[in-house]
Number of protein chains: 4
Amino acid sequence: MRVGVLGSRGKVGAEVVQAVETADDLDLTVGVDQGDAISALVDTGTQVVVDFTHPDVVMDNLRFCIDHGIHAVVGTTGFDDDRLATLRGWLAESPGTGVLIAPNFSIGAILMMRFSTIAAPFFESVEVVELHHPTKADAPSGTARRTAEMIAAARREAGSPPIPDATSTGLDGARGADVDGIRVHGLRIRGLVAHQEVVLGGLGETLTIRHDSLDRVSFTPGVLTGIRRIGDFPGLTIGLEHLLDV
Amino acid sequence: MRVGVLGSRGKVGAEVVQAVETADDLDLTVGVDQGDAISALVDTGTQVVVDFTHPDVVMDNLRFCIDHGIHAVVGTTGFDDDRLATLRGWLAESPGTGVLIAPNFSIGAILMMRFSTIAAPFFESVEVVELHHPTKADAPSGTARRTAEMIAAARREAGSPPIPDATSTGLDGARGADVDGIRVHGLRIRGLVAHQEVVLGGLGETLTIRHDSLDRVSFTPGVLTGIRRIGDFPGLTIGLEHLLDV
Amino acid sequence: MRVGVLGSRGKVGAEVVQAVETADDLDLTVGVDQGDAISALVDTGTQVVVDFTHPDVVMDNLRFCIDHGIHAVVGTTGFDDDRLATLRGWLAESPGTGVLIAPNFSIGAILMMRFSTIAAPFFESVEVVELHHPTKADAPSGTARRTAEMIAAARREAGSPPIPDATSTGLDGARGADVDGIRVHGLRIRGLVAHQEVVLGGLGETLTIRHDSLDRVSFTPGVLTGIRRIGDFPGLTIGLEHLLDV
Amino acid sequence: MRVGVLGSRGKVGAEVVQAVETADDLDLTVGVDQGDAISALVDTGTQVVVDFTHPDVVMDNLRFCIDHGIHAVVGTTGFDDDRLATLRGWLAESPGTGVLIAPNFSIGAILMMRFSTIAAPFFESVEVVELHHPTKADAPSGTARRTAEMIAAARREAGSPPIPDATSTGLDGARGADVDGIRVHGLRIRGLVAHQEVVLGGLGETLTIRHDSLDRVSFTPGVLTGIRRIGDFPGLTIGLEHLLDV
């Protein structure tokens with residue numbers, strides 16, 4: 001499979017370049033960054049591009065790729081409903097071409113969220129604990145919030161009863177934040193990177209699903225999976241989870 | 001739903017009786033044990049039975065239930081291929097009746113095995129750690145062995161490469177037991193009950209799925225789930241996992 | 001060593017009786033409960049008593065034991081400053097006799113608190129997570145609060161700087177309760193018993209100290225340690241930690 | 001406190017330079033590496049040096065420092081009994097000067113080993129689990145082996161009975177490696193760095209002490225502690241644990 005990289009000299013793009021070069025089944029065709037001609041993608045027979053660039057240029061990049069039938073795996077941010085509608089329009093005119101836009105390429109994080117959501121209706125109790133470095137500005141983390149929302153939705157749909165909690169006295173904050181009825185706790189500890197644990201419990205047993213992200217290169221296996229599978233998903237796909245068979 | 005319990009005065013059966021009585025959506029019709037007439041199941045309009053009895057009597061119990069169109073959730077052991085074939089024959093003549101035979105009713109354990117199997121092909125590394133009380137005779141545990149076999153099969157099917165391991169020097173046993181290429185470690189610690197952790201890792205991240213069984217009543221939620229769902233699974237089903245939508 | 005048990009037919013007392021009978025180096029002399037004559041302790045040559053009785057009777061029990069030079073290991077509650085002063089007065093007149101009053105006999109819990117306190121000044125960050133069954137009324141748990149207070153005091157004494165935390169936006173409660181500047185988080189999960197984790201972190205590393213109490217018999221090893229060591233601690237001792245060489 | 005760094009352009013030395021410059025209470029006087037004059041240490045009024053150099057040059061470095069009454073914190077390897085005897089001789093002639101030689105500067109690792117050793121005699125069971133990246137050559141890790149040896153020695157000294165283990169059937173290696181009677185398990189997982197967990201258990205409870213090293217900069221707080229405290233430890237000290245009050 002012939003792969004090009006847009007934003008190839010950026011921090012993330014450079015990691016992608018290296019990961020593609022290392023993978024036995026992928027060939028790097030060309031890296032394109034500011035000042036380079038995007039037409040090199042066509043000249044080199046690129047089949048899939050990876051785009052970690054900037055909201056200002058990503059739409060032009062995608063227009064070019066879709067026009068030339070090149071699949072795209074996109075980690076760039078800034079897609080609102082208007083942009084997504086525009087992309088769907090372009091893709092309708094290029095049947096067979098696939099674009100994946102993913103806010104998170106960590107397969108571990110995606111599976112953690114997915115498994116927690118599947119398991120949540122089978123247990124009486126479920127809470128989320130996230131642990132990060134102390135320079136993080138928001139608490140709880142965006143991933144923890146999204147996980148709690150997904151869990152709450154799954155329980156609503158399954159008709160799960162409220163989670164039992166007899167707490168009647170104590171200190172403010174001891175039971176964490178309430179996200180759609182799911183308790184979420186955030187720790188800030190020097191030395192940690194990004195970690196999350198979902199604890200589920202029923203009569204006499206608990207199930208714990210924990211994701212530890214120890215290095216930011218953890219996104220590369222997800223990008224490679226996106227490259228390998230996007231060809232089977234024509235049209236617009238939002239979220240890497242849809243390319244995993246889970 | 002009207003539920004009867006076979007083996008109602010046994011240790012496990014008594015727990016099932018209590019769990020059924022506590023559940024809002026289930027009515028206990030009758031408990032049947034040695035010396036009681038099984039016909040009481042019919043007299044009381046029982047729709048589903050739970051059988052935790054003995055290999056010597058379970059086939060007679062099931063013959064009666066199937067003949068009368070009563071679904072059965074069975075935790076009794078001792079089913080070989082002959083017995084399963086016999087059951088399938090009886091069920092063929094009683095369309096709409098369902099029998100579930102399950103070696104394990106812990107939903108946490110089932111999900112732990114299932115999620116590990118799904119996740120295994122997405123990571124480079126995976127190992128299994130089980131922890132039990134020190135009076136256990138076998139190491140590794142049956143559940144750990146089965147988990148490793150399922151993981152190995154999933155990786156074979158997905159074409160996963162061998163798990164990396166540069167160990168070239170050390171002590172015998174340090175890397176655990178080898179079950180189909182998956183490393184399995186068993187700890188024996190006073191104070192513990194039955195616990196298992198599956199550790200999966202890829203570039204820069206790990207995913208850990210842990211099941212803690214702290215009390216043997218952990219089987220009851222699985223039995224209740226079996227009772228509630230067996231009606232939708234006519235014929236013979238082996239393993240509670242098939243009744244969970246996962 | 002000859003050991004008597006006061007409150008021998010109570011739930012806890014009965015466990016102590018059994019533990020003493022099982023220990024090779026201890027002889028049970030007599031169990032005393034409501035309606036029994038306490039003089040049996042003297043008649044049987046009892047050297048140490050264990051008292052798990054009631055605030056209403058414990059002072060009379062201890063008066064008798066101290067008068068007769070019998071050491072006492074006490075798990076009964078209800079000791080205020082007045083009572084402690086009274087005990088000290090009695091003990092002054094019976095040199096060589098020791099009384100241990102302990103709110104917690106779990107050696108695991110005591111070591112967890114002790115190690116956390118020792119370690120806390122060596123790390124930039126420290127937080128406490130406690131996990132209990134959902135029928136618990138208070139959050140955080142008393143043990144978690146006490147742990148946080150001990151950690152805070154140790155850091156104050158060592159001149160540790162404030163714990164770093166850049167949180168500037170988020171949801172109420174996400175960062176837990178504040179106990180003397182230490183963040184404490186409480187989870188309530190069906191299936192759990194009583195668990196606590198102290199997470200400490202510095203540049204590039206973390207240290208986690210976790211105590212899991214899975215069964216209430218966990219107090220018995222601490223009681224046995226108290227019995228064996230109280231003879232070496234004449235006078236009044238409050239807290240089992242003082243009898244452990246840690 | 002005025003601090004010099006020997007080997008200041010090496011990988012580790014450069015980290016030390018940065019850590020010293022960042023610390024409010026420490027002043028960097030001079031970095032010395034190959035080709036630089038060591039006399040700069042004296043010219044700049046250096047009080048403490050840190051030496052991460054090479055076995056070939058470390059003895060000359062220390063001779064110079066001891067002669068000039070400069071304390072030394074040494075992470076360089078290659079000290080045998082002869083070298084240690086030589087150092088002791090030099091230090092005898094320079095009373096008040098302290099030299100610390102430490103194989104491990106991670107405070108987390110040191111406390112994990114120390115706490116495990118203290119706790120081990122109080123519990124019936126104890127096992128060690130270490131987890132590392134899959135490119136590690138030895139299993140178990142040196143730290144895990146040393147931890148097990150320290151635990152075994154502490155239990156021997158306390159007269160602890162053998163650890164209970166009823167395993168009578170199973171697979172080779174399932175129960176780990178045997179280090180002086182302590183079971184040690186090694187996992188090799190992509191994405192991990194260096195992690196160790198000591199699990200202790202008694203009746204109804206467990207205590208778990210876990211160290212996670214996520215980045216090699218984890219040695220710097222230990223080096224800074226060495227710098228700050230070596231002045232109070234004249235003579236030769238081997239092992240950072242002796243400078244911690246634990």
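What percentage of the 246 residues in chain A is made up of buried residues? In this predicted model, buried residues account for 57% of chain A. The legends below begin with that chain and then move to individual contacts.

**Figure 1. Overall view of chain A in the predicted model.** Seven helices and 13 strands constitute the secondary structure of chain A. The C-alpha trace of the chain spans about 70 × 40 × 35 Å along its principal axes. Of the contacts in chain A between residues at least 6 apart in sequence, 72% join residues at least 24 apart.

**Figure 2. Close-up of helix α5 of chain A against helix α5 of chain B.** Two packed helices are described by the angle between their axes and the distance between the axes. For α5(A) and α5(B), each comprising residues 107-119, the packing angle is about 150° and the axes are 11 Å apart. α5(A) is therefore roughly antiparallel to α5(B). The crossing of α5(A) past α5(B) is right-handed. On the α5(A) side the contact is made by Leu111(A), Phe115(A), Ile118(A) and Ala119(A), and on the α5(B) side by Leu111(B), Phe115(B), Ile118(B) and Ala119(B). Classified by residue type, this contact of α5(A) with α5(B) has eight nonpolar, no polar and no charged residues.

**Figure 3. Close-up of helix α5 of chain C against helix α5 of chain D.** The axes of α5(C) and α5(D), both covering residues 107-119, come within 11 Å and cross at roughly 150°. This angle makes α5(C) roughly antiparallel to α5(D). α5(C) passes α5(D) with right-handed geometry. Leu111(C), Phe115(C), Ile118(C) and Ala119(C) are the residues of α5(C) that meet Leu111(D), Phe115(D), Ile118(D) and Ala119(D) of α5(D). The contact of α5(C) with α5(D) comprises eight nonpolar residues, with no polar and no charged ones.

**Figure 4. Close-up of helices α1 and α7 within chain D.** Helix α1(D), residues 11-22, packs with helix α7(D), residues 220-229, at an angle of about 65°, and their axes lie 10 Å apart. The crossing of these two helices, α1(D) and α7(D), is right-handed. Glu15(D), Val16(D), Ala19(D) and Val20(D) form the α1(D) side of the contact, while Thr220(D), Val223(D), Leu224(D) and Ile227(D) form the α7(D) side. By class, the contact of α1(D) with α7(D) has six nonpolar, one polar and one charged residues.

**Figure 5. Close-up of helix α7 of chain C and its surroundings.** Helix α7(C), residues 220-229, is largely enclosed by the rest of the structure, because seven of its 10 residues are buried. These buried residues are Thr220(C), Gly222(C), Val223(C), Leu224(C), Thr225(C), Gly226(C) and Ile227(C). Their cover includes the chain C strands β1 (2-6), β3 (48-51), β4 (71-74) and β5 (98-101), together with helices α1 (11-22) and α5.

**Figure 6. Close-up of Ser125(C) and its contacts with chains A and C.** Ser125(C) belongs to strand β6 of chain C, residues 125-132. With a relative accessibility of 0%, Ser125(C) counts as buried. Its side chain reaches the backbone nitrogen of Arg190(A) at 2.9 Å. Residues up to four places away in sequence aside, Ser125(C) touches Arg188(A), Ile189(A) and Arg190(A) in chain A, and Ile163(C), Pro164(C), Val199(C), Leu200(C) and Gly201(C) in chain C.

**Figure 7. Close-up of Arg175(B) and its contacts with chains B and D.** Arg175(B) is located in the loop between β8 (169-170) and β9 (177-179) of chain B. A relative accessible area of 8% places Arg175(B) among buried residues. The side chains of Arg175(B) and Asp165(B) are joined by a polar contact of 3.0 Å. Neighbours within four places in sequence aside, Arg175(B) is in contact with residues including Glu127(B), Asp165(B), Arg183(B) and His185(B) of chain B, and Ala139(D), Gly186(D) and Arg188(D) of chain D. Between the C-alpha atoms of Arg175(B) and Glu93(B), 82 residues apart along the chain, the separation is 52 Å.

**Figure 8. Close-up of Gly75(C) in a loop of chain C.** Gly75(C) occupies the loop between β4 and α4 (81-92) of chain C. Gly75(C) is buried, having a relative accessible area of 18%. Beyond residues up to four places away in sequence, Gly75(C) touches Asp51(C), Phe52(C), Ala102(C) and Phe105(C). The C-alpha atom of Gly75(C) is separated by 26 Å from that of Ile209(C), 134 residues apart along the chain.

Notes
Residues are numbered from 1 along each chain as its sequence is written. Chains are lettered from A and ligands numbered from 1 in the order in which they are written. This is a predicted model: local features need pLDDT of at least 70, side-chain atom pairs count only at pLDDT 80 or more; totals for chains, interfaces and linings use all residues. Side-chain values use heavy atoms; hydrogens and water are left out. Helices (H or I, at least four residues) and strands (E, at least two) are DSSP runs, numbered from the N terminus. Buried means under 20% relative accessible area, exposed over 50%, partly exposed in between (1.4 Å probe, protein chains only). A polar contact is a pair of N or O atoms within 3.5 Å; within protein, one must be able to donate a hydrogen and the other to accept it, and residues adjacent in sequence count only if both atoms are side-chain atoms. Contact means heavy atoms within 4.5 Å. Axes are lines fitted to C-alpha atoms, for helices over the stretch in contact, and angles run from 0 to 180 degrees between N-to-C directions. Angles under 35 degrees count as roughly parallel, over 145 as roughly antiparallel, 65 to 115 as roughly perpendicular and the rest as oblique. A crossing is left-handed if the near helix is turned anticlockwise from the far one by less than a right angle, and right-handed if clockwise. Ala, Val, Leu, Ile, Met, Phe, Trp, Tyr, Cys and Pro count as nonpolar, Asp, Glu, Lys and Arg as charged, and the others, Gly among them, as polar.
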